[in-house]
2 protein chains.
Amino acid sequence: MGGTQERDIRERFRRSGYTLTSQRKAVLEALGESRGHPSAEDVYLLVKKKNPRVALGTVYQALSVLEEIGVIGAKHWSESPTRYDLNVDPHLDIRCLGCGEVSEIPGVDLGDLEDRLRGATPYEVTRAAVVVEGLCPACRAAG
Amino acid sequence: MGGTQERDIRERFRRSGYTLTSQRKAVLEALGESRGHPSAEDVYLLVKKKNPRVALGTVYQALSVLEEIGVIGAKHWSESPTRYDLNVDPHLDIRCLGCGEVSEIPGVDLGDLEDRLRGATPYEVTRAAVVVEGLCPACRAAG
DNA sequence: TCGGTGACCAGTAATCGTTCCTATTCGCGA
DNA sequence: TCGCGAATAGGAACGATTACTGGTCACCGA
């Protein structure tokens, strides 16, 4: 199901000309470990646990390379840093306005959205993302 | 068609308890004048032409009030400041990765998207936006 | 084996959009 | 007219991200 396996990752690095360094591997591992949708800062803290010498800038640069070659996805909500995700398939994520947590909305088919867009604009569409905000059950209960 | 007329605006201010000051009027006028989807900075420069004493912070605060009471809409793209829009109906905007210009994509019906979302998540959905990026014809031609 | 070359990295400074703070002003009701 | 809360100007502060700089590392060809 589009899961980006190790072989695929190596192949994408090879084709892109970038090198799969230990720092970039560590960033990928951190993304795999963290259940949710971590920010660059979150990733940095995780990577730092194993290798305290990594620099925040390196994490940013690694994330940008990984996104460029299609191994990870990035999403932007207002009033919140960019969140990263190993899932690159088109899917929906919702962010809680209360606690800031991001989680996936399953079962909504967006399949033809990009195609419909392409038919409706003279632009060359490269990316379409649906950004959803709301209140998670816990925060709703808390009032 | 949801056009936010002057009467409607006054009514929303009255109900909200905010006051419709001259600065806030000026921000609305600037949004009306500028054809595209201006950033806070763009609005600030326009407002400043008529009243050089306005502060950037005032524009930000006015924009946030206007958004809160539903008179204007805000959209966020990556690598770009927030863009504001008098059109608060659900609609699609696309941003050119080359020149940064934002324009509307007409004729794509999103009608039931929020409803479908509401059926698929335990969250209380407050807002859903579709963010599209691509290349405008001019930038595509320029290569 | 050696030297050169280019990508990468740590550390830190700088930038950019946005928010916050404070003293002052404004506008409305009493 | 006075008093009070909301709004404002001006500028400082902040958080996320990028840019810069000097040093390191892996690889390749002689």
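Helices, such as the one that precedes Gly17(A), are taken here as DSSP runs of H or I with at least four residues, numbered from the N terminus. The model described below is a predicted one.

**One chain and its two domains**

Chain A falls into two parts, domain 1 covering residues 1–87 and domain 2 covering residues 90–143. The centres of these two domains of chain A, taken over C-alpha atoms, are 21 Å apart. Where the domains touch, 7 residues of domain 1 of chain A meet 9 residues of domain 2 of chain A, and the side contributed by domain 1 of chain A consists of 1 nonpolar, 4 polar and 2 charged residues.

Within chain A, helix α1 spans residues 6–16 and is hardly covered, since the number of buried residues among its 11 residues is 0. Directly after α1(A) comes Gly17(A), whose phi is positive, at about 90 degrees. A positive phi also appears at Glu79(A), with a value near 55 degrees, in a residue other than glycine. Glu79(A) sits in the loop between β1 (73–75) and β2 (83–85) of chain A, and it counts as exposed because it has 10 C-beta neighbours inside 10 Å, where 12 or fewer is the limit for that class. In chain B, Glu79(B) likewise has a positive phi of about 55 degrees although it is not a glycine, and its place is in the loop between β1 (73–75) and β2 (83–85) of chain B. Glu79(B), with 10 C-beta neighbours inside 10 Å, therefore counts as exposed.

**How the two chains are related and joined**

Chain B is superposed on chain A by a rotation of 180 degrees with 0.0 Å of shift along the axis, leaving an RMSD of 0.1 Å. That is the relation of a two-fold axis. The C-alpha of chain B nearest to this axis belongs to Val130(B), at 2.2 Å from it. Both copies use the same surface, for 100% of the contact residues of chain B recur in chain A.

The contact draws 31 residues from chain B and 31 residues from chain A. On the side of chain B that touches chain A, at least two residues each come from β3 (92–96), α5 (113–120), β5 (124–135) and α6 (137–142) of chain B, and the most come from β5(B), which gives 12 residues. Strand β5 (residues 124–135) of chain A is also joined to β5(B) by 11 bridges, and the two strands run antiparallel. One pairing in this arrangement links Leu135(A) to its bridge partner Glu124(B) in β5(B).

**The surface near the DNA**

Around DNA strand D there are 22 residues, the closest being Gly57(A), Thr21(B), Gln23(B), Gly57(B) and Thr58(B). Both chains take part in this surface: α3 (40–50) and α4 (56–68) of chain A, together with α2 (22–33) and α4 (56–68) of chain B, each supply at least two of its residues.

The table sets out the make-up of the surfaces described above by residue class.

| Surface | Nonpolar | Polar | Charged |
|---|---|---|---|
| Near DNA strand D | 8 residues | 10 residues | 4 residues |
| Side of chain B that touches chain A | 19 residues | 7 residues | 5 residues |
| Side of domain 1 of chain A that touches domain 2 of chain A | 1 residue | 4 residues | 2 residues |

Key. Residues are numbered from 1 along each chain as its sequence is written. Chains are lettered from A and ligands numbered from 1 in the order in which they are written. This is a predicted model: local features need pLDDT of at least 70, side-chain atom pairs count only at pLDDT 80 or more; totals for chains, interfaces and linings use all residues. Copies are superposed by least squares on the C-alpha atoms of residues with pLDDT of at least 70 in both. Two residues are in contact if their C-beta atoms, placed from the backbone, lie within 7 Å. A residue is near a molecule or strand if its C-beta atom, placed from the backbone, lies within 6 Å of it. Ala, Val, Leu, Ile, Met, Phe, Trp, Tyr, Cys and Pro count as nonpolar, Asp, Glu, Lys and Arg as charged, and the others, Gly among them, as polar. Two strands pair if DSSP finds at least two bridges between them. Domain bounds come from an automatic or database domain assignment. A residue is buried if 20 or more other C-beta atoms lie within 10 Å of its own, exposed if 12 or fewer, and partly exposed in between; C-beta atoms are placed from the backbone.
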